[in-house]
Amino acid sequence: MLRRLVFLLLLLPMACIDPYQVEVPDGQQLLTVEGLIHTGPGPHAITLTRSDTYGSVFEGLVRPVTGATVVVRDNEGKIIFLTEGQEARGSYFTPSGFRAEIGKSYTLQIQTADGKVYTSLPERVESVPEIEDISIKTITVPVEGETTPRSGVQLISEINDPADQNNFYFWRLGPITHVLEARPDLFVDRETRTPAPKDCCFICYRTEVTGNQSLFIAVDDNFNGLSTRIPAAFIEDNSLRFVNKLRADLKQYAISQEAYRFLRLVKQQAEISGSIFDPPPATIRGNMISLDNPDEVVLGYFMAAGESTRRIYIDKSDLTFRQIPGTIPDDCRTVFGAVVDPPFDWNP
Amino acid sequence: MKKILLLFLFLMGQGAWAQTTAPTKREVIGRDIGQLKGIKISGRIIDEISGEALVGATVTVPELEITKITDNNGAFELILDRAEYNIQFRYVGYETIDYPITAVGDGRISIRMLQEDFQLDDVVIFGRDPEKNIRSTDMGAITLSMNTMRELPPFLGEVDIVRSLATLPGVSQVGEASSGLNVRGGGVDQNLIQFAGAPIYNPSHMFGLFTAFNADVVNDVTLYKAVVPAKFGGRSSAILDILPKAGSVAKWGGDLMLSNYSGKLSVNGPLIKDKVSILGGFRISYINWFLNSLSNPTVKNSQANFYDGNLVISAPISENNEFTYSYYTSYDDFAFASDTTISWKNTAHSLQWKSRLTAKLSLEALGYYSGYDYGIFNQSGINDFDINSSIQDLGGKLFLGYNFSETNKVVFGGEYKQVAIQPGELIPTGPGEEILPQKVQDEAGREAGVHFQHEFELGEKFGFSYGLRYDTYQYLGPRVVRQYEENKPVSDGSAIGETNYGDGEVIQTYDGLGPRASFRYSFSKSSSIKLGYNKMYQFIHLISNTATIAPTDVWKLSDNFLEPQIADQYSLGFYNNFKGNIFETSIEVYYKDLQNVVEYKDGATLIMQNHLETELIPAEGQAYGVELYVKKNLGRLTGWVSYTYSRSLRRVITPFEEENINDGEWYASNFDKPHDLTLIGNYKVSTNTSISATFAYSTGRPVTFPEAKFDYSGNSLAYFDSRNQQRIPDFHRLDLAVNFKFKGEGRFFDGDWTFSVLNVYGRKNPFSIFFDDAQDSPPQALRLAILGVPLPSLSYAIKF
């Protein structure tokens, strides 16, 4: 909330934020773990990377860690081997059919190709309340120097929070699918620059994975035992998504208190504004440790969580503000990820 | 840099002493009964026009090398031998009077002094007493009169008290647009800011862009940064004592000032002629109007308002008794795109009674109430809520002063106050039951102190001052206090039980003795050396994770987890005045040791936190420095150069390795700026035009740069390890102002136009360097500059 105050200073036509070249220390190559196993259908992914120099521009590339042995072990001693993806190098997937079970604790164990062994602290899977309903709210964000604001749709999860426990929530969005409208009749041949209308195809269905820039988390300290509504995801209007209908799967997870603290630090850093009210940079410590060298810093967090999912179809008429629809003067199938047939379970 | 310094020093030498006074006829004082010694001459100095007593004017008898200061009623007393004397009367902003007399017997002199009113070509920026810096045993006490502050380039069109103080050695600010002061390596919460004796918790408007005190109603400001007199206590670093003006008991008048950001008006005059005066002041910003006139819809829906108001009623009911009531309020609100509003408000009432019981015994009694409230109002449409928070202080002080002689004085007294803090209450305001009301437990405490100070001189050369203050503090119920497992870090996970304390029950008591001592040796009338030591206790802490004061910061009383802050300071200074006090120079060195400074665990949650002990870690602090100061008091060109080399360090060692910060090593505090240089000059071009300039340079403050970057959940993140190991680029800025005084026909035309430009060469001084993975660009370092361009302002002031 306070981060917004800095805008006031910017309004006073004297303040400014601009990129700045600084000498940053040479980065350490630290193992970074990102992974979440849950009670929903798999496969669940654990991704291993190595950190690098925090560059002013493109310096330092975060590289995947390949060829590691990755296992998840539950508190009954059962071991699940994860296999590295053929295309997604550095990502390791649980076998199909694997689901975490409520009440069990899981640890992640990793042996890297150079023989170093790492483990997580145990994470216990908690049950998660259902998403009772999803409501939406149109959000607009003014952009400096532009007359049209950025906009999008906020998904709000309605939940009945259980009163008997302290709940920590985390939301992610599954792949979204939306109707894509194109104008193949406006196609222009690139070489001859003459109109060359195509007959097909006007309507496609496009499925894409939207990364959540901002993290959506909540703790029930101020709504314990109540029916409440919490903002849980945001889908930006890129002028193509909301021209007709859009389908989204909202996934709600019950995470541990430690995992919540970790994500809160991630969120805090991701939303930093440089204003005078920013908290000082915090060390984001996760739950991974090195068994060979206890002083070695391992970044990231391994989570185990209960999951519930709910699907929503959003019609363009549900939005109170939309970007001017973009025009694709071509066959809609030329757009990456677009197909003519709707998904088999498309049921708006 | 060196060249600029030399240029300044050269320019300062140019203004010559040009003050002349016509010789007056020698007056014979007293009835001649042949008395030779011990002739008592008393008198009173008043303003020629308003009839107000001039408090703190100096009366110098050059023949005897004695100087007296007028008291609260403008009165003074001289004991002379039968002889001829050339007495001089001086007061800031007034014409000096040379008054030749022949003293033959006890008698009275009545002096009426005339305001210079800019008829002189010279500007005098003496403090109240030109030799005070040399002669007094006080160390590190700096009084700035409003006249001195007016000689500085204004900030956003007006005199700014906090920014003026930051130009002095040993005093700094975190950056542009940050409120509060860092005095000798101390945090902003370690200064007690009091207005007419009542503590003020948030002295800023618009998040620190403006100081929340209207300069037109302030008489003077004193900052105690080294040896703080024993009568002050409760904060560990410094005391900022702001005293309001009293209105005139003779006639009505006032000040009006309009600038392009704000306007202010003050009116004063006799409520009952010659008996009771009143002064009212009001200042309001029109930034809101400015925001609304912009076309950007978000900006249009944003609002920012502030105002402050003062009322002073002063009743000098007799020569020896005076009552003063002061009321102060400041208010701010700010809303961004009309969904969240933040507002804060200070209120202070104080009533003071000053009395001269006998010629030697004086009494001062003061009672005050001070309140600070803030609110956050969320009207975003989802889970609407209000958060309210407040602090209330109610207290009283009593001082008794006994003067054995002019050079042998005792001050003693006591102080008591109650503090009640409501750290936060969340009230849902939306329809339906979506969020729970929440309340952080209220806090209560009381503080009492008794003090004693003795100041005396042995001959001309030695001066001593020693004092002792005993502070005791109690943390009171009702409260539920948690217990934690021993040998484990204090966290939610290590809580093992709770204890209930009843209303008014004492939960924790702290006390401590705070000795104060200073010693002065004068080599001559114009040079001296001083030594000082003091110890101070602080029982209230600002819980802020930012480098500056935010309106929503929480204040917290010491409890069984959070011990009082303790500061020990040692200082040594050498003072020398040249050329009849035209030049004033000093070198001071200090070392300060701080205990129980508050530091924070990584990513601490501070707002609406019922168990703050789980988020805080005690730290030790250390600060030291050397301060150089050269000031030219008189001439066409006046001003000063101040340079400070200082360090302010912190260290956190806990029994638990994972809680140590920077592996338990010393590290720079957020406001550690080793080199700090300020050059200030005011040049009188002609009788009605002057130019002033301020140049400031300081080392960039510490920041934490990332050790590495890593990816998590689609964000590119920075991994920070050790705190405050790098610095932002150095700060430097030049401000210029031109002031024209018009003497028109009607009195409303006697205006004062000031045109100023801040940041003349448009340096983008970074307030911060931060690291962000913004959308559509690679993760990178970004710079926030608050004053990124030259910023002009124009103001018009009239006196009526």
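Visitor: Which residues touch the most other members in the largest nonpolar core?
Guide: In this predicted model, that core has 183 residues, and A:Ile255, A:Ala305 and B:Leu165 touch the most other members.

Visitor: Okay, and which strand gives the most to this core?
Guide: That's strand 20 of chain A, residues 299-315, which puts in eight residues.

Visitor: Back to A:Ala305. What is A:Ala305 in contact with, leaving aside neighbours within four places in sequence?
Guide: Seen that way, A:Ala305 contacts A:Leu36, A:His38, A:Val125, A:Phe170, A:Tyr253, A:Ala254 and A:Ile255. Apart from the largest core there's another core, of 20 residues, including B:Ala57, B:Val59, B:Leu78 and B:Leu80.

Visitor: Let's switch to chain B. How many helices and strands are there in chain B?
Guide: Chain B has six helices and 53 strands. Its radius of gyration is 27 Å, close to the 28 Å the globule rule gives for 800 residues, so chain B is as compact as a globular protein of that length.

Visitor: What does the C-alpha trace of chain B span along its principal axes?
Guide: About 95 × 55 × 50 Å. As for burial, 46% of the 800 residues of chain B count as buried.

Visitor: Cool. Which domains is chain B divided into?
Guide: Domain 1 covers 20-117 and domain 2 covers 135-799. Taken over C-alpha atoms, the centres of these two domains of chain B are 39 Å apart.

Visitor: And how many residues does the contact take from each domain of chain B?
Guide: Eight come from domain 1 and eleven from domain 2. On the domain 1 side, the residues are one nonpolar, five polar and two charged.

Conventions
Residues numbered from 1 in each chain as written. Chains lettered and ligands numbered in written order. Predicted model: local features only at pLDDT ≥ 70, side-chain atom pairs only at ≥ 80, totals over all residues. Domains from an automatic or database assignment. Contact = placed C-beta atoms within 7 Å. Nonpolar A, V, L, I, M, F, W, Y, C, P; charged D, E, K, R; others polar. Helix = DSSP H or I, 4+ residues; strand = E, 2+ residues; numbered from the N terminus. Rg over C-alpha atoms; globule rule 2.2 N^0.38 Å. Buried ≥ 20, exposed ≤ 12 C-beta atoms within 10 Å, placed from the backbone. Core = buried A, V, L, I, M, F, W, Y, C linked by C-beta atoms within 7 Å.
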